[in-house]
Every structure is written in structure tokens, then in C-alpha cells.
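Visitor: I am new to this structure and would like a close look at a single part of it, with the terms explained along the way. Please begin with the overall layout and then go to the part you choose.

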Amino acid sequence: MPRKTAAPYMLCLCLAFATALIAPGSVAAESPWSPVQLAVWDTVQIFDSKKSIYGFRYSLIRGVNHDVFGLGISSFANVATGDVLGAQFSLAHNRVDGDFGGIQLSGYNKVSGKFYGLQAAGVNSTSAKVIGLQTALLN
């Protein structure tokens, strides 16, 4: 007798969850925030750039959201038009138009507000108060 596996059930559960998140009229689609964001570019992402992310954001090239609380990973650029609390990792650029608390690792980090935490990059730019550690070729 063949052995039963939970994989098909898990796949169905994941698909149902993803559909509930992005379906028009769903609670997640109308909410000002989302637990997850997947983006290719800021115009090609699951949720629009005005939505805040409380959880995980992955951007293939560039992702833009208002606030991000959690983990943001991008192959090229992470952009937040509000505040970020958590970690941002990208190969080229992290930009936060508000305050940042956590860890930023990238080629170029730019924070327009206050910075609390650790920044490591080729170039770091912070416009307001810095509490923590900045390490770069140019701060």
C-alpha cells in the first residue's frame, strides 16, 4: 500500500492562503497592511506601494511600500516611504524616507529620518540622529 504524504494538503493550504490574501474584496486586499509582499518592480508587486508590510517583503528588482516591520530582501533595491523596523538586505540600495530601527546591509543605505541599529554598506547616508553603528567606506 502506498505511503500517504502531507505535501499535497500543504500545497492546497498555501494556495488557499495566497488566494485569500490577494482576492479582491478580501480583508487583506482592503487592509492598510499585509503580512507579505512579493515584487518584481514597484509597479509589478502583489500590493500597491501605499500598503505597509508587517512580516516579509521580497523584491526581485525593486519594491516600494509605506512602512515595513519585519524582513525586507531585494536583489537590487528596498524602498520604504515611511518607517522601517527590522532588517533590510539588498545588493545595491536600501532607502527609508522615515525612521529606521534594526539592521541594514547593502551597497548604499539612505535613511532620511533617525537611525537606530547597524548599517553596513559601501556608502551610508543618514539625515538625522544616529544611535548605533555605521560601517562603510563613506558615512
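Visitor: What pattern does the chain follow, read along the sequence? And which residues does Ala80 touch, not counting residues up to four places away in sequence?

Guide: Read along the sequence, the chain follows the pattern α-α-β-β-β-β-β-β-β-β-β-β-β-β, with 2 helices and 12 strands; helices (H or I, at least four residues) and strands (E, at least two) are DSSP runs, numbered from the N terminus. This is a predicted model, in which local features need pLDDT of at least 70 and side-chain atom pairs count only at pLDDT 80 or more, while totals for chains, interfaces and linings use all residues. Residues are numbered from 1 along each chain as its sequence is written, and side-chain values use heavy atoms, with hydrogens and water left out.

The part to look at is strand E6, residues 77-80. Ala77 and Val79 point one way from E6, Asn78 and Ala80 point the other way, and all are buried, a word that means under 20% relative accessible area, with exposed meaning over 50% and partly exposed in between (1.4 Å probe, protein chains only). In a regular strand the side chains alternate between the two faces of the sheet.

E6 has partners in two strands, where pairing means that DSSP finds at least two bridges between the strands. With strand E4 (residues 62-65), E6 pairs in the parallel sense over 4 bridges, and here Asn65 stands opposite Ala80. Strand E8 (residues 93-96) also runs parallel to E6 and is joined to it by 4 bridges, with His93 in E8 as the bridge partner of Ala77.

As for your second question, Ala80 touches Asn65, His66, Val68, Arg95, Val96 and Asp97, not counting residues up to four places away in sequence; contact here means heavy atoms within 4.5 Å. Ala80 also belongs to the largest nonpolar core, whose 7 residues are Val68, Ala80, Val84, Val96, Phe100, Val111 and Phe115. Such a core is a set of buried Ala, Val, Leu, Ile, Met, Phe, Trp, Tyr and Cys residues joined through side-chain atoms within 4.5 Å.

Two of the residues that Ala80 touches, Arg95 and Asp97, meet through their side chains in a salt bridge (3.0 Å, N to O), that is, a side-chain nitrogen of Lys or Arg within 4 Å of a carboxyl oxygen of Asp or Glu. Asp97 counts as partly exposed because its relative accessible area is 31%, and Arg95 counts as partly exposed because its relative accessibility is 23%. The structure holds 2 salt bridges, and Asp42 forms one with Arg62, the closest N and O atoms being 3.1 Å apart. That pair links distant parts of the chain, with Asp42 in the loop between strand E1 (33-41) and E2 and Arg62 in strand E4, 20 residues apart.

Following the pairing onward from E8, 4 bridges join E8 to E10, and these strands run parallel; Arg95 stands opposite Lys110 in E10. Strand E10 (residues 108-111) has a covered face, made by Asn109 and Val111, and an uncovered one, made by Tyr108 and Lys110. E10 in turn pairs with strand E11 (residues 115-126) in the parallel sense over 4 bridges, where Tyr108 stands opposite Val123.
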